[in-house]
Amino acid sequence: MQFTTLHNVDTEYSADSVEWCSQDETHQKYFACGTYQLVEAEQNSTAAVEAECQRPRKGRIYLFAFDRQNDALERLQCLETAAILDMKWLPAWSCDTGPLLATVNALGEVEIYELLHAEQRVQQRAKLVLEETTLNTPKALALSLDWQRADADADGVGALQLLVSDSLGNVHQLQYTAKDELSKVCSWQAHGFEAWTCAFDRWNPQRVYSGGDDCLLHAYDLRSGTEAQPQRIWTNRAHGAGVTCLLSHPQNAHQLLTGSYDELLRVFDTRAMKCSLAELNLNGGIWRLKPHPQRSDLILTACMYTNFSVVQLKEGALSLLGSYEEHSSICYGADWAPNIDKFELPDDYTHSLHMATCSFYDHKLCVSKVDIKFAT
């Protein structure tokens, strides 16, 4: 495996998330990068003390366009926001509208933007505060985000379900409709500490997962329980540190991949959670797991304190294919471009892919080419 850095961008604020749009050929050149920056408090004032306690955080959303034919990168937009912690592209409602970008931020908000292709920018369509707070209640940071399609309502209006976790250990189920109505369905206390991650099961739309700093992985059934909280199906205690990311595999039914501060990438069969199917030590807490849209066996991993690694999941086994060492700070954000260029030779063939990665304190965003050779 060979990595070639094509672009190295200073994001100014600390970069922690990057998401490539994979909706259709028109929009596959776009990707977004989210940033997170603590606001420095003024010195020697009451306001400074209060600011230090609240630790305000600001951020930006950058929109980029990458032309893989000539490897050109263009920054299209820089949008000032609260500090971004996670983002996901959602499908467009129709051929007349653009793909949607959902973000969660340090103010405990969910915001949804539409990508306007003709104007090459995103525009806000909806916003929801997860929990109203007072001076005496702590404000939760919204930490992670996932989505799935939902059934249309009685009037035929399309809908999406969102799942959001926060820093107080809560998980929130939301609904977003084609009328730009973003509302909360329910919230529940899932973990005693930060709920770092949450995910829908790609093979069972009524099942969701959450992972927290309490080292626990939970599964819930949305069909049962109470209106306030779905029923917990099981709890897994296999992780030696906080559970930081989850991937319900898009091609392999019943396979759930987990990342943790304990540096192990694990594969589970959700029908038999007593022990993992496979484990691989990546020598760094694992913050994100991204399967390639066209080769879901190739998983891009953000290993916080070491590098970005490409792992292959084949027949239930994990193997490390290569590591990208360009970043010198915490490796948080990573995603594949959706396209693959294929080159075939008599004895082997090469897949040429592209990826975007970003890291925190060095506020660096890289776009890279990845060449992987496979034997025929």
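By class, the lining of the largest pocket in this predicted model divides into 24 nonpolar, 10 polar and 10 charged residues. That pocket holds about 1,200 Å³ of space. The second largest pocket has a volume of about 480 Å³. One cavity of 30 Å³ or more is also counted. An open sheet of four strands completes this briefing.

**Largest pocket**

- The lining is made up of 44 residues.
- Nearest the centre lie Lys-88, Asp-146, Trp-147, Arg-202 and Lys-290.
- Seven elements are listed here by name as giving two or more residues to this lining: strand 2 (14–20), strand 6 (84–90), strand 10 (142–150), strand 14 (197–201), strand 18 (243–248), strand 22 (286–291) and strand 26 (331–336).
- Strand 10 supplies the largest share, seven residues.

**Second largest pocket**

- This pocket, of about 480 Å³, is lined by 19 residues.
- Closest to its centre are Tyr-36, Arg-57, Leu-85, Tyr-332 and Phe-360.
- Strand 2 and strand 3 (30–38) are the elements that give two or more residues to the lining.
- Strand 3 gives the most, with three residues.
- By class, 12 of the lining residues are nonpolar, three are polar and four are charged.

**Largest cavity**

- The largest cavity contains about 30 Å³ of space.
- Its lining consists of Asp-201, Trp-203, Tyr-209, Ser-248, His-254, Gln-255, Leu-256 and Thr-270.
- Three of these residues are nonpolar, four are polar and one is charged.

**Open sheet**

- Four strands run in the order 14-15-16-17, with antiparallel pairing.
- Strand 14 and strand 17 (230–236) each have a single partner strand, so one side of each has no neighbour in the sheet.
- From one strand to the next, the twist averages 25 degrees.
- Strand 16 (residues 217–225) pairs with strand 17 over six bridges, in the antiparallel sense.
- Leu-217 sits opposite Asn-236 of strand 17.

**Shared elements**

- Strand 14 is an edge strand of the open sheet, and strand 14 also gives two or more residues to the lining of the largest pocket.
- Strand 2 gives two or more residues to the lining of the largest pocket, and strand 2 does so for the second largest pocket as well.

Key: Residues numbered from 1 in each chain as written. Predicted model: local features only at pLDDT ≥ 70, side-chain atom pairs only at ≥ 80, totals over all residues. Heavy atoms only, no water. 1 Å grid on protein atoms, 1.4 Å probe; cavity = no way out; pocket = protein on both sides within 12 Å on 5 of 7 lines; lining within 4 Å. Points joined across faces, edges and corners; volume = space filled by probe spheres on them. Nonpolar A, V, L, I, M, F, W, Y, C, P; charged D, E, K, R; others polar. Pairing = 2+ DSSP bridges. Axes fitted to C-alpha atoms, helices over the stretch in contact; angles between N-to-C directions.
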